[in-house]
Amino acid sequence: MHTALVVLTDESTDERLLDAAKRYATGTDTELLVCRFIDRKEYQSDARNEARDGKQVQTIEMIEEEAEEEATAAADRAFADADVSYTAIGAAGELPKKIIEVADERDCGHVFVSGRKRSPTGKALFGDIAQAVLLRFDGPVTVTTN
């Protein structure tokens, strides 16, 4: 059985991305690895805000556990009506590098990722996770846009 990585980063596009992955998995007998990724910049910013407000700062393990819960909930909703085999995990790190690491570690042969609709200039100036994954992953990549 093959494995495909479903990259969850933005809730507004997760439903469409999960639907595309579900259709693919159903037709190809592929197991899905549904992963909610938290970008390093995002959790560092949250940690600074928590520390400034006198709150307990979450560890990477806590952040990844919370992300796994979000991935599980999203996958449960998306795959409730389908016979899709999946595992949900959470991961935190520098994106897109962390996405490629997880795909390689879990021997994924396909990646599903959401991208933003931007002009080529906008992508060059501001970067795009989907574009970076498309260029760096050694296998098929399915990109949905919001």
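Biologist: How much surface does the protein expose, and what share of it do carbon and sulfur atoms supply?
Modeller: In this predicted model, the protein exposes about 8,500 Å². The share of that area supplied by carbon and sulfur atoms is 45%.

Biologist: What percentage of the residues count as buried?
Modeller: The protein has 146 residues. To count as buried, a residue needs a relative accessible area under 20%. The share that counts as buried is 42%.

Biologist: In what order do the helices and strands run from the N terminus?
Modeller: The secondary structure comes to six helices and five strands. Read from the N terminus on, the order is β-α-β-α-α-β-α-β-α-α-β.

Biologist: What share of the contacts with a separation of 6 or more is between residues 24 or more positions apart?
Modeller: A contact here means heavy atoms within 4.5 Å. Among those with a separation of 6 or more, residues 24 or more positions apart account for 75%.

Biologist: Which peptide bond is cis, with omega about 10 degrees?
Modeller: One of its partners, P96, is found in the loop between β3 and α4. Omega is about 10 degrees, and the cis bond joins L95 and P96.

Biologist: Is E94 buried or partly exposed?
Modeller: E94 sits in the loop between β3 (86-93) and α4 (97-105). Its relative accessibility is 44%. Partly exposed covers values between the buried limit of 20% and the exposed limit of 50%, so E94 counts as partly exposed.

Biologist: Which residues does E94 touch, leaving out those up to four places away in sequence?
Modeller: E94 has E42 at 9.7 Å, C-alpha to C-alpha, although the two are 52 residues apart in sequence. With residues up to four places away left out, E94 touches D39 and R40.

Biologist: Is K98 buried or exposed?
Modeller: K98 lies in helix α4. Its relative accessible area is 18%. Buried means under 20%, so K98 is buried.

Biologist: Which residues is K98 in contact with, leaving aside neighbours within four places in sequence?
Modeller: The C-alpha atoms of K98 and I38 are separated by 9.5 Å, with their positions 60 residues apart along the chain. Leaving aside neighbours within four places, the contacts of K98 are F37, A91, A92 and G93.

Biologist: Is α4 parallel or oblique to α6?
Modeller: The axes of α4 and α6 (residues 129-136) come within 9 Å and cross at roughly 45 degrees. Angles under 35 degrees would count as roughly parallel, and 65 to 115 as roughly perpendicular. The crossing of α4 with α6 is therefore oblique.

Biologist: How do the residues in the contact of α4 with α6 divide into nonpolar, polar and charged?
Modeller: The crossing of α4 past α6 is right-handed. On the α4 side the contact is made by K97, I99 and I100, and on the α6 side by I129, V133 and R136. Lys and Arg count as charged, and Ile and Val as nonpolar. The division is four nonpolar, no polar and two charged.

Biologist: Is D29 exposed or buried?
Modeller: D29 lies in the loop between α1 (11-28) and β2 (30-39). D29 is not a glycine, yet has a positive phi of about 55 degrees. Exposed means over 50% relative accessible area; at 52%, D29 counts as exposed.

Biologist: What is the relative accessibility of D107?
Modeller: D107 is in the loop between α4 and β4 (110-115). Its phi is positive, near 55 degrees, in a residue other than glycine. D107 counts as exposed, with a relative accessibility of 64%.

Note on methods. Residues are numbered from 1 along each chain as its sequence is written. This is a predicted model: local features need pLDDT of at least 70, side-chain atom pairs count only at pLDDT 80 or more; totals for chains, interfaces and linings use all residues. Side-chain values use heavy atoms; hydrogens and water are left out. Helices (H or I, at least four residues) and strands (E, at least two) are DSSP runs, numbered from the N terminus. Buried means under 20% relative accessible area, exposed over 50%, partly exposed in between (1.4 Å probe, protein chains only). Accessible areas come from the Shrake-Rupley method with a 1.4 Å probe; for residues, only the protein chains shown count as cover. Axes are lines fitted to C-alpha atoms, for helices over the stretch in contact, and angles run from 0 to 180 degrees between N-to-C directions. Angles under 35 degrees count as roughly parallel, over 145 as roughly antiparallel, 65 to 115 as roughly perpendicular and the rest as oblique. A crossing is left-handed if the near helix is turned anticlockwise from the far one by less than a right angle, and right-handed if clockwise.
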